Amino acid sequence: MPDGFDPPEPLRLLFAWVDEQGFVVKGHDGDLYGSLSDNGWVGTSIELRGYTAEQTLSYARSWFDESVPDAAARLWPFAQTGGEGSMAALWRDGRGQVRIVHLGSGSGSMMTRETQIICCREAPVR
């Protein structure tokens, strides 16, 4: 996880549980992948994988272009949530607060932490 990110406690507990269950594997690319099950074909499937700085930069550019110049330093994708490329990520807002973000297509794309909800495509991310 990049410096400056302090994930919410439920997310830290999820990562620890996935590791304790032995649901973390090394991919062909050498990266670690986690899941909610030891069988990706049965039950809930979610790919937990932290992006590298280079991958985050590319992903941030595709989402924010130049509208948020420091987006790559404020974003850390950690889970694929949909087959079309939707991702869950941590986002450090302008006040330094870390939020859980969903970046995807459609009306379900939002930033959320506790009770705050901000639509990514509709509202500027500051």
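**Exercise 1. In which sense do β5 and strand β6 pair, and over how many bridges?**

Before we start: this is a predicted model, so local features need pLDDT of at least 70 and side-chain atom pairs count only at pLDDT 80 or more, while totals for chains, interfaces and linings use all residues. Residues are numbered from 1 along each chain as its sequence is written, and side-chain values use heavy atoms, with hydrogens and water left out.

Step 1. Get the terms straight. Strands (E, at least two residues) and helices (H or I, at least four) are DSSP runs, numbered from the N terminus. Two strands pair if DSSP finds at least two bridges between them.

Step 2. Look at β5 and β6 (residues 98–103): they pair in the antiparallel sense, over six bridges.

Step 3. Pick out partners. L90 has I100 as its bridge partner in β6, and A89 has V101.

Step 4. Check the turn. Five residues sit between the strands of this hairpin, and G96 takes a positive phi near 90° there.

**Exercise 2. Work out what lies on the other side of β5, and whether the strand is buried or exposed.**

Step 1. Strand β4 (residues 75–80) runs antiparallel to β5, and five bridges join the two. P77 stands opposite A89 of β5.

Step 2. The β4–β5 hairpin has six residues between its strands, with G85 at a positive phi near 110°.

Step 3. Now the accessibility. Buried means under 20% relative accessible area, exposed means over 50%, and partly exposed is in between (1.4 Å probe, protein chains only). Six of the six residues of β5 (residues 87–92) are buried, so the strand is largely enclosed by the rest of the structure.

Step 4. Sort the side chains by direction: M87, A89 and W91 point one way, A88, L90 and R92 the other.

Step 5. For contrast, try I100 in β6. I100 is partly exposed, at 27% relative accessible area. Its C-alpha atom is 9.7 Å from that of W76, 24 residues away along the chain.

**Exercise 3. Which elements give two or more residues to the largest nonpolar core?**

Step 1. A nonpolar core here is a set of buried Ala, Val, Leu, Ile, Met, Phe, Trp, Tyr and Cys residues joined through side-chain atoms within 4.5 Å. In soluble globular proteins, nonpolar side chains tend to be buried together.

Step 2. The largest core has 13 residues, and Y59, F64, A71, L75, W91 and L103 have the most contacts inside it.

Step 3. The elements giving two or more residues are α2 (53–64), β5 and β6. Helix α2 provides the largest share, four residues.

Step 4. Zoom in on Y59. Contact means heavy atoms within 4.5 Å. Setting aside neighbours within four places in sequence, Y59 is in contact with Y51, L75, P77, G85, S86, M87 and L103.

Step 5. Don't miss the second, separate core: it has 11 residues, including F5, F23, L48 and V98.

Step 6. Finish with T56, which is found in α2. T56 counts as buried, at 4% relative accessibility. Not counting residues up to four places away in sequence, T56 touches Y51, A72, L75, W76 and P77.

**Exercise 4. Which side chains form salt bridges with D93?**

Step 1. The cut-off: a side-chain nitrogen of Lys or Arg within 4 Å of a carboxyl oxygen of Asp or Glu. The structure holds five salt bridges.

Step 2. R95 pairs with D93, the closest N and O atoms being 3.3 Å apart. R99 also meets D93, at 3.0 Å from N to O.

Step 3. Compare the settings. D93 is buried at 7% relative accessibility, and R99 is buried at 5%, whereas R95 is exposed at 64%.

Step 4. Elsewhere, salt bridges that share partners join D6, E9 and R12 into one network. R12 and E9 come within 2.6 Å (closest N and O atoms). Both lie in helix α1 (residues 9–20), three residues apart, about one turn of the helix. R12 is partly exposed at 36%, and E9 is partly exposed at 40%.

**Exercise 5. Over which ring does the charged end of R92 sit?**

Step 1. The test is that NZ of Lys or CZ of Arg lies within 6 Å of the ring centre and within 35 degrees of the ring normal.

Step 2. The ring is that of F5, with the charged end of R92 4.7 Å from its centre.
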